[in-house]
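Okay, everyone, thanks for coming. I'll put the structure up, and then we'll walk through the ligand site, the helix packing and a couple of backbone oddities.

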Amino acid sequence: MVAPRILILGPPGAGKGTQSSNLAQEYGVEHVTTGDALRANKQMDISDMDAEYDTPAAYMDAGDLVPDKVVNAIVEKALSQANGFVLDGYPRNLEQAAELEGMTDLDVVLSLDVSREELIDRLTGRRVCDDCSANYHVEFSPPEEAGVCDECGGDLIQRDDDNEGSVRNRLDVFDENTQPVIDHYRNDDDFVVIDGEQTPGEVWADIRAAVDAQIE
Ligand code: AP5
């Protein structure tokens, strides 16, 4: 089987990270995520890129988009090194979508659909492991011991942008910038909408069936 090229779209908190891990494992492809790449380089000096702020951190903590130039370069490098991928967090506006079209073809475009109130609950309750990045939720998927990662024993922390003010801004930024990207792909043959408001297991079953149907 040729390694599939999968794009996963959806608002903040829709479960893109959770389901991308499943996809990467199931299909043996690279998880290319701009959010994780930027978090690992939050203090990078971008002052020579004609940007409003000198580092990605200032944009990210407020829930605003990091400049396209920074993100396009990260994605182009990662995709050129990947044999099959699940791309998560990009494109987030129509300019990035046009860049992506010049970089690669796609086999499947998944769009996770979740209501705004559910997204706010999920993001404000999310905790992530400071060491291995495993994902938890204080109510929906708590660790066995509060504050401690089940996988590696690391500390569970709240992301700087998971406070309610930043979350609401991220959702507004999504409506304005990223919803048009979803509409751009909507009529393509490889576009599939997934009900992301089901349990994680049910969402995964729908995603796997959709990907298998597209690549067989
Ligand atoms: P990024 O890291 O991409 O954040 P995001 O899009 O806001 O997405 P999240 O990671 O918050 O949510 P998710 O959909 O992955 O959900 P998850 O699986 O964790 O980007 C962060 C920032 O980086 C941006 O704001 C921006 O500043 C910058 N950036 C990134 N890409 C950029 C780009 N292309 N251009 C410019 N700037 C960019 O799940 C969320 C929670 O819900 C978890 O607690 C999980 O356990 C729980 N959960 C998951 N599924 C379910 C379910 N089915 N039922 C119940 N709970 C569930």
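Before I start on the ligand, one term: when I say polar contact, I mean a pair of N or O atoms within 3.5 Å. And please keep in mind that this is a predicted model.

So, the ligand. Which side chains make polar contacts with it? Take glutamine 96: an N or O atom in its side chain sits 2.9 Å from a nitrogen atom of the ligand, which is inside that cut-off of 3.5 Å. Threonine 34 does something along those lines, with a side-chain N or O atom 2.7 Å from a nitrogen atom of the ligand. Then there's arginine 170, where a polar side-chain atom lies 2.7 Å from an oxygen atom of the ligand. As for burial, the ligand taken alone exposes 1100 Å², and the protein buries 95% of that.

Stepping back to the whole shell, there are 36 residues around the ligand. The ones that come nearest are Thr18, Asp64, Arg92, Arg126 and, once again, Arg170. By class, you get 13 nonpolar, 14 polar and nine charged residues in that shell.

Where do they come from? Helix 1, residues 16–27, helix 2, 34–39, helix 6, 116–124, and strand 6, 135–137, each supply at least two residues of the shell. Helix 2 gives the largest share, with four residues.

Now, helix 6 has a packing partner as well. Helix 6 packs against helix 7, residues 164–185, at an angle of about 135 degrees, with the axes 10 Å apart. That angle makes helix 6 oblique to helix 7, and the crossing is right-handed.

Compare that with the other pair I picked out. Helix 4, residues 68–80, and helix 5, residues 94–103, pack at about 25 degrees, and their axes are 11 Å apart. So these two helices are roughly parallel to each other. Helix 4 also passes helix 5 in a right-handed crossing.

Last bit, the backbone. Most residues other than glycine have a negative phi, and most peptide bonds are trans. What joins tyrosine 90 and proline 91? A cis peptide bond, with omega at about 0 degrees. Proline 91 is in the loop between strand 3, residues 85–88, and helix 5.

The other one to look at is serine 133. Its phi is near 70 degrees, a positive value in a residue other than glycine. You'll find serine 133 in the loop between strand 5, residues 126–129, and strand 6.

That's my tour, thanks for listening.

Conventions
Residues numbered from 1 in each chain as written. Predicted model: local features only at pLDDT ≥ 70, side-chain atom pairs only at ≥ 80, totals over all residues. Heavy atoms only, no water. Near = heavy atom within 4 Å. Polar contact = N/O pair within 3.5 Å; in protein donor to acceptor, adjacent residues only side chain to side chain. Areas by Shrake-Rupley, 256 points an atom, 1.4 Å probe, with all protein chains shown as cover. Nonpolar A, V, L, I, M, F, W, Y, C, P; charged D, E, K, R; others polar. Axes fitted to C-alpha atoms, helices over the stretch in contact; angles between N-to-C directions. Parallel < 35°, antiparallel > 145°, perpendicular 65-115°, else oblique. Left-handed = near helix turned anticlockwise from the far one by under 90°.
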